[in-house]
Amino acid sequence: MADLSESKAFWWWPLLARHRRTLYTGLVATVWCSVAASVVPYWSGKAVHALERHDWHGSRVFLAWMLAFTAAAGVGRYLMRNILIGLSRDVEREQRESLYLHLLSRPFAFYEQQRVGDLMSRLGDDVGTVRMATGPGLMSFLQVLSILPVTVGLMLHTNWRLTLAVMLPFSLLALGFYFIGKRSHAVQQKLQLAFSALSTFSHETISGERVVQAFGLEEARVAQFGALSRRHASLSMKQSVIFSAYAPLSAFIGGMSALVLVAYGGRLVVRGALNLGDLTAFTGFLAALAWPVMSLGWSVNLFQRAKAGQERLNQLLHSPEAPLPPVEAWALPATPTALSLEEVTHRFETGRGVGPLTLDLAPGDSLAVVGGIGSGKTLLLQILAGLREPQAGRMLVDSEPLTDANLRRHWAGLGWVPQEAFLFSDTLRMNLAMGRPDASEEEIWEIARVVALDDLIRRLPQGLDTVVGERGVALSGGERQRTALARALLRRPRLLLLDDALSAVDAETESRILENLRSFLGTSTLVLATHRVFVAETCGRVLVLEEGRAVQLGTPGHLAAEAGPFARLRGLQSLEREFLAPVEPAS
């Protein structure tokens, strides 16, 4: 068979190629159904002609054949629908699974360029349109292809002149369907983009409902939602108008054929060139063609919609970012990770970023990264985590360059706590043990005590089995941060990266957690980004960044003693602490 994978007309073939046997079985059932349904009018014509000749026995025999082929057509129709509709469900399942796996294998940079609402639109609406085309649409199309030659052949066998006269109007269908389908495809592409924009806007509004309510933006967001909804509705109605043209066009052509049949066929009967049974058979032939021809427009419309949807899915599947390496089980050493950056640079088009930066971290070292907003703290931690590749220079992990070959091994020993603590809509236990599902109850409670979460767990109505809600909405910001920190610590990481992980925690709880971490992190290398100098002073060394470049590096005591950004920042925060400290009452 020729390679159809690159054909625009046969865009659906790669989806069905692995199901050839099922597809061919469905095709056989379709041909069976169509042939049986096409022959039914032939036997009805024979029965009527037998009545014309007063052949009562022959008429009953022909009616029996008519009944047998009607039953055969019913069985074939059941098999056809069961096989081909089931095939489309298999295609839908495979597409959703492949898209889900594809999204899970995308690197960090991919999601910075995508919108969640758009991805959900493609996973939902676009996959659904493809299913409809590869199921009901393909079934209707195959039915037309199989019933048309059989029926036309029987009509030609009966009377070729009347066949040409009756089928002449049908030649106009192809031209009409071409123009309607072309217009439908263009509108469908715009419609899917409008649905994507509407989904994205809805997702952002619902996710950020606190900001919307706090700033009193309800009316503005409703107005914008209304505008997007009206555009989507306008395109939907336009598509419905285009789609609704298929049925009237098919009905008009069918009516023209029936008119020709009565006018010309009746004339042939009067002249004796055609008997009444043959005219009856022609009426049945046209009735047999009516629904498949009308459904042809419906199936063409489905294919136009699905083609636009598959184009959007292919854009997603053929994203330029290289996939992540496959998941493997690694036997990790018990020693902390050693890190080394050699002239590492990563900058965006705006010029902001990190580097060039050279840095060495011995196993078990602790480093605090301090700097102002936009200084590159988070970006540096993302590079250390292996989420971003350096644009220049290289990063060594345990004296080996970090590549795709050992990236999963690096992640297996990583504990990562980003600025925004993301929790899943599940129990607190599941969120804590996500990185290590086999963790025991004792281990979970031990980590909970380290991050000062044990008191909270005891206060919750179901303890560890309390559902925290979407994104942990049932917990405060500080509680979510401590949960994310506990999740990372439970992995017993060789490298722990904390990106302002305690910014929402009060000073007293923060001091308690840091004190606990000193004794807990004996087998981890620690790098934390913070804007709090007194948190940075708990680490062995401090790196000060300005506009992505290292301006100071040394021990906290050394940097506090010399003039520079760290000492200046320490003086300001010391003054702030003194100003906010409670005043003791005079004795």
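The following dialogue asks on what grounds certain features of this predicted model are named.

Colleague: On what footing do the values rest?
Modeller: This is a predicted model, in which local features need pLDDT of at least 70 and side-chain atom pairs count only at pLDDT 80 or more, whereas totals for chains, interfaces and linings use all residues. Residues are numbered from 1 along each chain as its sequence is written, and side-chain values use heavy atoms, with hydrogens and water left out.

Colleague: Why is Gln552 called buried?
Modeller: Buried means under 20% relative accessible area, exposed means over 50%, and partly exposed lies in between (1.4 Å probe, protein chains only). Gln552 has a relative accessible area of 6%, so the residue counts as buried.

Colleague: Where does Gln552 lie, and what does its side chain reach at 3.1 Å?
Modeller: Gln552 lies in strand 10; strands (E, at least two residues) and helices (H or I, at least four) are DSSP runs, numbered from the N terminus. Its side chain reaches the backbone nitrogen of Phe566 at 3.1 Å.

Colleague: What makes the meeting of Gln552 and Glu562 a polar contact?
Modeller: A polar contact is a pair of N or O atoms within 3.5 Å; within protein, one must be able to donate a hydrogen and the other to accept it, and residues adjacent in sequence count only if both atoms are side-chain atoms. The side chains of Gln552 and Glu562 are joined at 3.0 Å, so the pair satisfies the limit of 3.5 Å.

Colleague: How do you know that strand 9 and strand 10 pair?
Modeller: Two strands pair if DSSP finds at least two bridges between them. Strand 9 (residues 541–546) and strand 10 (residues 549–554) have 5 bridges, in the antiparallel sense, so the condition of at least two is met. Val542 stands opposite Gly554, and Leu545 stands opposite Ala550. The hairpin of these strands has 2 residues between them, and Glu547 takes a positive phi near 55° there.

Colleague: In which sense does strand 3 pair with strand 9?
Modeller: Strand 3 (residues 366–371) pairs with strand 9 in the parallel sense, over 5 bridges. Gly371 stands opposite Leu545 in this pairing. In general, strands of a sheet pair through backbone hydrogen bonds, either parallel or antiparallel.

Colleague: What makes strand 2 and strand 5 edge strands?
Modeller: An open sheet is formed by 4 strands in the order 2-1-4-5, with antiparallel pairing. Strand 2 and strand 5 (400–401) each pair on one side only. Strand 5 is joined to strand 4 (residues 392–397) by 2 bridges, and Val397 stands opposite Glu400.

Colleague: Why is the meeting of Arg541 and Asp365 called a salt bridge?
Modeller: A salt bridge is a side-chain nitrogen of Lys or Arg within 4 Å of a carboxyl oxygen of Asp or Glu. The N to O distance between Arg541 and Asp365 is 3.8 Å, so the pair qualifies. Arg541 lies in strand 9 and Asp365 in the loop between strand 2 (353–361) and strand 3, so the pair ties together parts that are 176 residues apart in sequence. Arg541, at 24% relative accessibility, is partly exposed, and so is Asp365, at 25%.

Colleague: How many salt bridges does a search of the whole structure find?
Modeller: The search finds 18. Among them is that of Arg429 with Asp465, whose closest N and O atoms are 3.1 Å apart. Arg429 lies in helix 14 (residues 428–432) and Asp465 in the loop between helix 16 (454–459) and helix 17 (477–489), so this pair ties together parts that are 36 residues apart in sequence. Asp465 counts as partly exposed at 43% relative accessibility. Another salt bridge joins the side chains of Glu443 and Arg436 at 2.8 Å, N to O.

Colleague: How do you know that the buried residues of helix 6 lie on the same side?
Modeller: In helix 6 (residues 160–167), Leu162, Thr163, Val166 and Met167 are buried. They cover an arc of only 120° around the axis, which puts them on the same side of the helix; the arc is that of the directions from the helix axis to the C-beta atoms.

Colleague: What makes Asn159 a cap of helix 6?
Modeller: A side-chain oxygen of Asn159 lies 3.1 Å from the backbone nitrogen of Arg161, and Asn159 thus caps the N-terminal end of the helix.
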